[in-house]
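Work through these exercises with the structure open beside you. Try each task before you read its solution.

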Amino acid sequence: MHRDTYLKMSLDQLLGACTLKGFQGSGPGGQHRNKTNTGVQLTLREYNLEIKSSEGRSAKENKVHALHRMQMALALKVREAPQEPEMPFPGSNGHIQTSNPLFPLFVAHVFDRMAQKNGDTKEAAKAFGLSPSALVKILRQSKPCAEKLQSSRNHNSGNQPQDS
């Protein structure tokens, strides 16, 4: 199935496409967390993605966290050829919230464009009617997006992160 099809699914539909497994969480939270299977592991075999969530006290809460992470993992790790015409910018006035259901799909299309242009944000921004600085500001709202942006810049400039 096409990556965008997964990103357009509701959380319930995405859950149906994934393999769900429970596990015992660890860490603070006492008996409720340590003796019950509240941790959730989602697997999407088609793209070899595995996401775990155990920070919440309930399996339901962890399932929602894991589904949102699965959407972002699809958006950040699976590259496809950019489509013409590009989807319209899903936000307004150059802004989009990370809570917008179309945010992962938007991110996927942005990084597809950037991958095609060796990490250049100008073409991706132009495709959505944004300035490059507005696009970077949007991507920096999400920590995984900011990390992906930085790693693509380091990779394409030939700079590798320094280990101290």
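**Exercise 1. Cysteines**

Task: Decide whether Cys145 is buried or exposed, and find how many disulfides the structure holds.

Solution:
- Step 1. Keep in mind that this is a predicted model.
- Step 2. Take Cys145. Its relative accessible area is 0%. The cut-off for buried is under 20%, so Cys145 is buried.
- Step 3. Take Cys18. Its relative accessibility is 9%, so Cys18 also counts as buried.
- Step 4. Recall the bond in question. A disulfide links the sulfur atoms of two cysteines covalently.
- Step 5. Count such bonds here. The structure holds zero disulfides.

**Exercise 2. The sheet**

Task: Work out the order of the three strands in the open sheet, and state why one side of β1 and of β3 is left without a neighbour.

Solution:
- Step 1. Recall how strands pair. They do so through backbone hydrogen bonds, in a parallel or antiparallel sense.
- Step 2. Read off the order. It is β1-β2-β3, with antiparallel pairing.
- Step 3. Look at the edges. β1 (19-23) and β3 each have a single partner strand, so each has one side with no neighbour in the sheet.
- Step 4. Add the twist. Neighbouring strands are turned against each other by 20° on average, direction ignored.
- Step 5. Count the bridges between β1 and β2. There are five, in the antiparallel sense.

**Exercise 3. Phe23**

Task: Place Phe23 in its strand and identify its bridge partner in β2.

Solution:
- Step 1. Find the element. Phe23 sits in strand β1.
- Step 2. Cross to β2. The bridge partner there is Gly39.
- Step 3. Check a distance. Phe23 and Asn37 are 14 residues apart along the chain, yet their C-alpha atoms are separated by 4.6 Å.
- Step 4. List contacts beyond four places in sequence. Phe23 touches Thr36, Asn37, Thr38, Gly39, Val40 and Gln41, as well as Lys52, Ser53 and Ser54.
- Step 5. Judge accessibility. The relative accessible area of Phe23 is 23%, so this residue is partly exposed.

**Exercise 4. Helix α4 and the core**

Task: Find which strands α4 lies across, and which residues touch the most other members of the largest nonpolar core.

Solution:
- Step 1. Gauge the helix. α4 has 19 residues and spans 26 Å from first to last C-alpha, close to the expected 27 Å.
- Step 2. Set it on the sheet. α4 lies across β1, β2 and β3, and runs at about 145° to β3.
- Step 3. Pick out its buried residues. Among them are Ala66, Leu67, Met70 and Leu74, along with the polar-named Asn62 and Gln71.- Step 4. Turn to the core. Of its 40 residues, Met70, Phe106, Val107, Val110, Leu130, Leu135 and Leu139 touch the most other members.
- Step 5. Trace the suppliers. The elements that each give at least two core residues include α1 (3-8), β2 (39-44), α4 (59-77) and α8 (143-157).
- Step 6. Zoom in on Val110. Beyond four places in sequence, Val110 touches Ala124, Phe128, Leu135 and Leu139.

**Exercise 5. Positive phi**

Task: Determine where Asn93 and Asn118 are found, and whether each is buried or exposed.

Solution:
- Step 1. Recall the usual sign. Most residues other than glycine have a negative phi.
- Step 2. Check Asn93. Its phi is positive, near 55°. Asn93 is in the loop between α4 and α5.
- Step 3. Check Asn118. Its phi is also positive, at about 55°. Asn118 is in the loop between α5 and α6.
- Step 4. Compare with the cut-off for exposed, over 50%. Asn93 has a relative accessible area of 74%, so Asn93 is exposed. Asn118 is at 59%, so Asn118 counts as exposed.

Conventions. Residues are numbered from 1 along each chain as its sequence is written. This is a predicted model: local features need pLDDT of at least 70, side-chain atom pairs count only at pLDDT 80 or more; totals for chains, interfaces and linings use all residues. Side-chain values use heavy atoms; hydrogens and water are left out. A nonpolar core is a set of buried Ala, Val, Leu, Ile, Met, Phe, Trp, Tyr and Cys residues joined through side-chain atoms within 4.5 Å. Buried means under 20% relative accessible area, exposed over 50%, partly exposed in between (1.4 Å probe, protein chains only). Helices (H or I, at least four residues) and strands (E, at least two) are DSSP runs, numbered from the N terminus. Contact means heavy atoms within 4.5 Å. Two strands pair if DSSP finds at least two bridges between them. Axes are lines fitted to C-alpha atoms, for helices over the stretch in contact, and angles run from 0 to 180 degrees between N-to-C directions. The expected span of a helix is 1.5 Å times one less than its number of residues. A disulfide is a pair of cysteine sulfur atoms within 2.5 Å.
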